[in-house]
Structures are given as C-alpha cells and as structure tokens.
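Here's a short set of exercises to work through with the model open. Try each task yourself before you read the solution.

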Amino acid sequence: EGYRVARAPYGYALEAVVVPGRPRPRKKLVLGDVTKQKVVLRIFREFVEEGRTLHHVKDRLNADSIAPPSGKKWRFETVKGLVTNPVYVGDYVAAGRTSGKYFTLDNGNVVKAEGRYQEKQPIVRRDAHPALIDRATFAKAQELIARISRTTRKRTPETNPYLLNGKLVCGHCGSLLWGDHVKFRTYRCPKEKEGECPGNRV
C-alpha cells in the first residue's frame, strides 16, 4: 500500500521494501533529511500559526539561504505546492488521470492517434507513510489557501490591473509571465527575479 516509483517529496526519502511474491523490491516513503523536515515544519508554522503570506514565507526562506527542492531559490508555486500536498499528513494519493496509445484510420491507413485521457477519482490511502504535519494544521492550511483563491476570484476587469496574468509566455525560458509593479505596471518572468533567466517584460 502506498508504494512509489517517483522521487521522494521534500523532507522524505525512498526506502527499498521487499514484497513477498514480487521479483524486485518496491520503494516506500520514509522520513528523510532532518534539516529538510524542519523546513517543512517551519513553512507550515509560519503560514498557519504566524499568519505570514506564502510570498513572505518564500522570501524568508531565501533570505536564510535555505536550498529549495529544485532550482536556485524558493518560488511562490513551490511553497504553495508544499502546503497543499497531502503527502505531509501521511496520505498516498494516486493520479486521477490515465492515458493510453490509440490508433485510428486516416484515408484507409492505420495511424497513431493523439493520446487520450480518462478522468478518474484519485486513489487515496490514508496513513500510508509517516506524517510530518498533523491533520488539523494541514486542514487549516487548506482553508487559508481557499480563502486566498476566493479573494483572487472576486477581482473584476475593473479591479484587476493584470488581465493577462499567466497568459503571456517568456521568450527565453517559456515560463508564464505575471503582473509586477515597481515603477510602472508590467508583466515579468518570475525566474528573472531569481537570476535564472534573462527575462522578458511586456
């Protein structure tokens, strides 16, 4: 139950487990590097208990030179992805989409069709591995995220100055551009701020 083949989430590690009847060991999540575990606890504490914004949490991690899961610096999306990941309460969630290869007829010839996806209910196994965050704290984090989303959705064309958020693409790295306001309103590559891209501004 809850075996994995992908890489371990931040703060966890993969451990080989021998499963009777299977020729090869399978991998299961166990608690990983203690320093990273403390970072996970810190993120939830600052967001849930101290009431800091995700942007503020991200900035504090970077100010303390804490290495992110990937890249050079922590990003908003990385912090949000962490606080919304049920893996930290010990749950294993399997993907809710399946895909396959299909073939079709084109003028009498058999050709490969585009991959088709089938939506399925995600498979959730509770307490599949050790938890880092208690369920009450995780639930509070989801409430805060939902509140942020509701506040964002209340913006109208009259109140939202960045109608093209997430619709423009950086010509250098392909990242989506987001609104930024320093001296004037512009759309900016998020990786430019972190020194990972020359950046595009519109």
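**Exercise 1. Find the residue just after α2 that has a positive phi, and describe its setting.**

Solution. Step off the end of α2 and you land on S65, with a positive phi of about 55°. That's a residue other than glycine. S65 sits in the loop between α2 and α3 (helices are DSSP runs of H or I with at least four residues, strands are E runs of at least two, both numbered from the N terminus). With a relative accessible area of 66%, S65 is exposed (exposed means over 50%, buried under 20%, partly exposed in between, using a 1.4 Å probe and protein chains only).

Some ground rules before you go on: this is a predicted model, where local features need pLDDT of at least 70, side-chain atom pairs count only at pLDDT 80 or more, and totals for chains, interfaces and linings use all residues. Residues are numbered from 1 along each chain as its sequence is written, and side-chain values use heavy atoms, leaving out hydrogens and water.

**Exercise 2. Work out how the buried residues of α2 are arranged around its axis.**

Solution. First list them: in α2 (residues 54–63), L54, V57, K58 and L61 are buried. Now look down the axis: these residues fall within an arc of 100°, so they line one face of the helix (the arc is taken from the directions from the helix axis to the C-beta atoms). The background is that an α-helix has 3.6 residues a turn, so residues three or four places apart point the same way.

**Exercise 3. Do the same for α3, then see how α3 packs on α1.**

Solution. Start with the buried set in α3, namely V79, L82 and V83. They cover an arc of only 90° around the axis, which puts them on the same side of α3. Next, bring in α1: the two axes come within 10 Å and cross at roughly 90° (axes are lines fitted to C-alpha atoms over the stretch in contact, with angles from 0 to 180 degrees between N-to-C directions). α1 and α3 are therefore roughly perpendicular, a label that covers 65 to 115 degrees. Finally, pick out the contact residues: V40, I43, F44 and F47 from α1 meet V79, L82 and V83 from α3 (contact means heavy atoms within 4.5 Å).

**Exercise 4. Which residues touch the most other members of the largest nonpolar core, and which helix gives the most to it?**

Solution. The core has 26 residues, and I43, W74, L82 and Y88 touch the most other members (a nonpolar core is a set of buried Ala, Val, Leu, Ile, Met, Phe, Trp, Tyr and Cys residues joined through side-chain atoms within 4.5 Å). α1 (34–49), α2, α3 and α4 (135–153) each supply at least two residues, and α1 gives the most, with six. Apart from this core lies another, of five residues, including C170, L177, C189 and C197.

**Exercise 5. Is D91 buried or exposed, and what does its side chain reach?**

Solution. Locate D91 in the loop between α3 (76–83) and β3 (92–94). Its relative accessibility is 7%, so D91 counts as buried. The D91 side chain reaches the backbone nitrogen of D127 at 3.2 Å. Now check the partner: D127 is in the loop between β8 (123–125) and α4, and it's exposed at 56% relative accessible area. D127 also has a positive phi of about 55°, although it isn't a glycine.

Notes. Polar contact = N/O pair within 3.5 Å; in protein donor to acceptor, adjacent residues only side chain to side chain. Parallel < 35°, antiparallel > 145°, perpendicular 65-115°, else oblique.
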